[in-house]
Amino acid sequence: MTDLCSLRLNSHRSGVDIIDQTLLPHRLEWLGLDSLEAYCESISTMRVRGAPLIGITAAFGLATALLSDSTTGGFHSAKEALLATRPTAVNLQWALETVASHVLPLEDSKRAAAAFECARFLREQDIDSCSRIGEFGRSILQDLLLDRGAEQLQVMTHCNAGWLATIEWGTALAPIYKAHEAGIPVHVWVSETRPRNQGAFLTAWELQRAGVPYTVVADNSCGHLMQQGMVDCVIVGSDRTAANGDVCNKIGTYLKALSAKANSIPFYTALPTSTIDWCCNTGADIPIEVRDSGELLSISGMDEAETFRRVRLGGTGSRGHNPAFDITPAELVTGLITELGLIEAGSAGLSRLRSSL
Ligand code: MRU
């Protein structure tokens, strides 16, 4: 699918290199992470981002911290530091708890090696889950194309839920990559995803590298495109899904779901089951990250002299409010595409899924 992945093991297999996503699409640079502080900084500044990748990076961060302090106290303080980096994506908590359950019963001297082994396992598991999501999603897209009788399927996505947000394949983009590989003609509407532009910067970059036809559109144009009959389905990812099927994803997802419903367009969420938080009964229980308003009141990119710049939007003195995620109620979601298949979005579908895990 791609010659790259978002996080690779270094040659000693005891640390990782990440793609610094804050430099994309302008520069592709790898960054080695070798301390707890470096892991925490990379997650909180969004050098790595996307729910599954945040979780796997944090697992490696915890293992790295254990190399210098493998006591139970050291473990808990490293875990707390990593947990504090970003609040919404539940994969962070899930990955850290998974490492904890493997490592804490062991004697101190065995903990670091066991934690790395666990982190490597989570990485492999994510690749497998995303590939399966891709296969289930591909067959949905294939059926939809037949149903529409169109020459090309028009899929809309939001934010970046491609391989940059996972390890390989992605969640929402996995069905698109699998469809493209299978020769199913797909075109992707990529909404820019203000304020951090993950759509325009990252999704567009990924799709271009893969040769998948796409067009970047302003977030505000998406309702219009749906109303004009230019969208056959919407697929997005999820940062946390509640036990009733409410989906938390990048800010702006809810508006797309409302518009899809109003225009009878299928709206799918693609997610590994690690993104489901069984402790959240509904979306109202999910903590929504509010980021610095500077992200909203400025924009960064390359100028004509190929210099990377951050510029202010508008005059000085405006106040901003920058919630990073929103909740899409389950009744607006056509289905959840998971590594175990297509799940009905709602308490019944989720509880059937839970009993099969
Ligand atoms: O703030 P980000 O860039 O980490 O947000 C990412 C998203 O909202 C993705 O859509 C989500 O993590 C699903 S990714 C597989």
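Is R111 buried or exposed? R111 is buried, with a relative accessible area of 4%. Let's keep that arginine in mind as we walk through this structure, which is a predicted model.

A good place to start is the sheet. Three strands form an open sheet in the order β1-β2-β3, and their pairing is antiparallel. At the edges sit β1 (7-9) and β3 (30-33), each of which pairs on one side only. Averaged over the sheet and ignoring direction, neighbouring strands are turned by 30 degrees against each other. In general, strands of a sheet pair through backbone hydrogen bonds. Here, β1 is joined to β2 (residues 16-19) by three bridges.

One pair of residues in these two strands is worth a closer look. R8 has D17 in β2 as its bridge partner, and the two also form a salt bridge, with their closest N and O atoms 3.2 Å apart. D17 counts as buried because its relative accessibility is 17%, below the 20% cut-off. R8, at 33% relative accessibility, counts as partly exposed. Across β1, β2 and β3 lies helix α2 (residues 51-68), which runs at about 30 degrees to β1.

Now back to R111. Its salt-bridge partner is D108, and the closest N and O atoms of this pair are 3.2 Å apart. D108 and R111 are three residues apart in helix α5, so about one helical turn separates them. D108 counts as partly exposed, at 34% relative accessibility, whereas R111 is buried.

Further along in the sequence, R123 and E124 form a salt bridge as well, with a closest N and O distance of 3.3 Å. R123 is buried, with a relative accessible area of 9%, while E124 is partly exposed at 46%.

What, then, is the nearest side chain of opposite charge to D126? That side chain belongs to R123, 8.4 Å away, and D126 is buried without a salt bridge. A salt bridge needs the charged atoms to lie within 4 Å, so R123 is too far from D126 to form one. D126 is found in helix α5 (residues 108-148), and its side chain reaches the backbone nitrogen of I167 at 3.3 Å. Leaving aside residues up to four places away in sequence, D126 touches P52, I56, T166 and I167.

Finally, let's step back to the whole structure, where a search finds 20 salt bridges. Elsewhere in the sequence, R86, R196, E289, R291 and E295 are linked in a network of such bridges.

Key
Residues numbered from 1 in each chain as written. Predicted model: local features only at pLDDT ≥ 70, side-chain atom pairs only at ≥ 80, totals over all residues. Heavy atoms only, no water. Helix = DSSP H or I, 4+ residues; strand = E, 2+ residues; numbered from the N terminus. Buried < 20%, exposed > 50% of the residue type's maximum accessible area, 1.4 Å probe, protein only. Lys, Arg positive; Asp, Glu negative; His and termini not counted. Polar contact = N/O pair within 3.5 Å; in protein donor to acceptor, adjacent residues only side chain to side chain. Contact = heavy atoms within 4.5 Å. Pairing = 2+ DSSP bridges. Axes fitted to C-alpha atoms, helices over the stretch in contact; angles between N-to-C directions.
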